[in-house]
Amino acid sequence: MHNPIIKIRDLSKVYKLYDSPAERLKEALHPFGKKYHHEFYALQGINLDVMSGETIGLVGPNGAGKSTLLKAITGVIAPTTGSVEVNGKISALLELGAGFNPDISGLENVYFNGAILGFSREAMNRKLDEILSFADIGDFIHQPVKTYSSGMMVRLAFAVASNVEPDILIVDEALSVGDSRFKQKCLRKINEFINKGVTVLFVSHDMPSVKTFCRKAIWIGKGKIIEMGDSKEVCKRFANFMAYDMVPTKTHKPAVTATSAGTTWQWQDVTMFASLGDKRAVITRVAFYDAVTGESAELLEGGESVVFMIEVHIKEQVLQPILSIDIKNSLGILIFGVNSIFLEKEVAKMSPAEIHTVKFSFKMPLIKNGDYSITTAISDGTYQCHVQNHIVHEAVIFQVANKDLQFRHYTVINKECNIECDRIC
Ligand SMILES: Nc1ncnc2c1ncn2[C@@H]1O[C@H](COP(=O)(O)OP(=O)(O)OP(=O)(O)O)[C@@H](O)[C@H]1O
């Protein structure tokens, strides 16, 4: 068994919080050392072994402790208790501007950062062309860093961090301020590092990026490791948590769950969502879940079998119900849609006071990575002539992140879909 490249034992980071600056002063001046602060654990009891060549994504809500953990690994902050042992050269992109002296030029900062990592001026001169061409900020390289835009700062920081042959590359969400083209360039560079066997720690709120780049993910919440494992699984459960506040404990049961054993999907109330229609029938709840695992579908791959369910309350008779779903991309462009007419499914008339569930079972089309929504509707009539009873816009939101490279960019629709209607009351 090899030694971990990063070994963390019982790491905690406690900050002293004061209600006002005066309290801080009182504590500093108190003759008997009276405490005026309360303690806040930004990290608590973290144990982690990172093996050489691993690519790990850190996910978690705002304020969870992700950046604090990276700062403890890079030595920017000292642990309150516990230990961090690093057996390799770290190159880190922490928060914006960290590691730069704002008063000196970008070029001098390149040498300054190189020196911190143990590179002489001559050694940095040999890397300079590559760094300048990657950063691509032109003559601004001779201006003080304090005059840089956030995008320029991150360009230079990434150019330096990625050209100093690190054993461990740490990237803390910094890329989010770069423009799309630069972001793509950085992600390609990170991929090159991964292929070379560099250990990469990557904080991101973008689940598709974590799934794409990292085999393993760590979910951090309130300063503790909530879950660690296969990135696809961890991201899925974290996305679920963010959507439904569901913590992944084996015994946890969400408030309203499916009836069949082993499933964890939930109904979502959509009565307050943006909608249109004459409301003779009203869609009250929806659910979207993985047909195989029964877990709520928040993060999917093209080709996965999924179920979209709606619950409809009938207020006035609907003679010829038509039920439909439309999947739209983040720009609202229709990508895929089916309805009961298209599926040649004749739905029996629905009468006042009845409640029906409608279940659409389909394979997620092979759509490219991104954010999508499902709009669902019930109408009355024929394809040519119908009235809209209720359309619920963006009834669910989900992300697609394909592991298969070809489907990250292209969309392939398949027509396989099934629809079942049940009267439940
Ligand atoms: N110097 C500090 N003094 C007091 N509290 C701090 C300090 N630095 C961080 N914290 C607190 O520690 C907690 C963890 O912060 P951290 O920046 O690690 O979160 P994060 O998971 O990276 O969040 P985000 O996703 O928003 O970047 C937060 O509640 C933050 O307010």
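At what angle do helix 4 and helix 5 pack, and how far apart are their axes? The section on this helix pair gives the answer, after a short look at the chain as a whole.

## Overview

Please keep in mind that this is a predicted model. The chain holds 8 helices and 20 strands. Of its 425 residues, 36% are buried. Among the contacts with a separation of 6 or more, 70% link residues that are 24 or more positions apart.

## Helix 4 and helix 5

Two packed helices are described by the angle between their axes and the distance between the axes. Here, helix 4 (residues 121–135) and helix 5 (residues 150–161) pack at an angle of about 145 degrees, and their axes are 8 Å apart. The crossing of helix 4 past helix 5 is right-handed.

Which residues meet in this pair? Helix 4 contributes Ile131, Phe134 and Ala135, and on the side of helix 5 these meet Arg155, Leu156, Ala159 and Val160. By class, the residues of this contact are 6 nonpolar and 1 charged, with no polar ones.

## The open sheet

Let us turn to a sheet of 6 strands. This sheet is open, its strands follow the order 5-6-7-3-8-9, and the pairing is mixed. Strand 5 (90–93) and strand 9 are the edge strands, each pairing on one side only. On average, neighbouring strands of the sheet are turned by 15 degrees against each other, direction ignored.

Both senses of pairing can be followed in detail. Strand 3 (residues 55–59) runs parallel to strand 7 (residues 199–203), and 4 bridges join the pair; within it, leucine 58 stands opposite valine 203 of strand 7. Strand 8 (residues 216–221) and strand 9 (residues 224–230) are antiparallel, with 6 bridges, and lysine 216 faces aspartate 230 of strand 9. Strand 8 and strand 9 make up a hairpin with 2 residues between them, and lysine 222 in the turn has a positive phi of about 45 degrees.

## Helices on the sheet

Helix 2 lies across strand 3, strand 5, strand 6 (168–172), strand 7 and strand 8, and it runs at about 150 degrees to strand 6. Helix 5 also packs on the sheet, where it touches strand 5 and strand 6. The direction of helix 5 makes about 170 degrees with that of strand 5.

## Around the ligand

Which residues are around the ligand? They are Tyr15, Phe40, Ala42, Gly60, Asn62, Gly63, Ala64, Gly65, Lys66, Ser67 and Thr68. Two elements give two or more residues to this shell, namely strand 2 (38–50) and helix 2 (66–74). Helix 2 gives the most, with 3 residues. Helix 2 thus appears in two places in this report, in the ligand shell and across the strands of the sheet.

How does the shell divide into nonpolar, polar and charged residues? There are 4 nonpolar, 6 polar and 1 charged.

## Further along the chain

Strand 14 (residues 305–314) has antiparallel pairings with two strands described here. One is with strand 12 (residues 281–290), over 9 bridges, where alanine 281 stands opposite isoleucine 314 of strand 14. The other is with strand 17 (residues 355–363), again antiparallel and joined by 9 bridges. In that pairing, valine 307 has serine 361 of strand 17 as its bridge partner.

Notes: Residues numbered from 1 in each chain as written. Predicted model: local features only at pLDDT ≥ 70, side-chain atom pairs only at ≥ 80, totals over all residues. Buried ≥ 20, exposed ≤ 12 C-beta atoms within 10 Å, placed from the backbone. Contact = placed C-beta atoms within 7 Å. Axes fitted to C-alpha atoms, helices over the stretch in contact; angles between N-to-C directions. Left-handed = near helix turned anticlockwise from the far one by under 90°. Nonpolar A, V, L, I, M, F, W, Y, C, P; charged D, E, K, R; others polar. Pairing = 2+ DSSP bridges. Near = placed C-beta within 6 Å.
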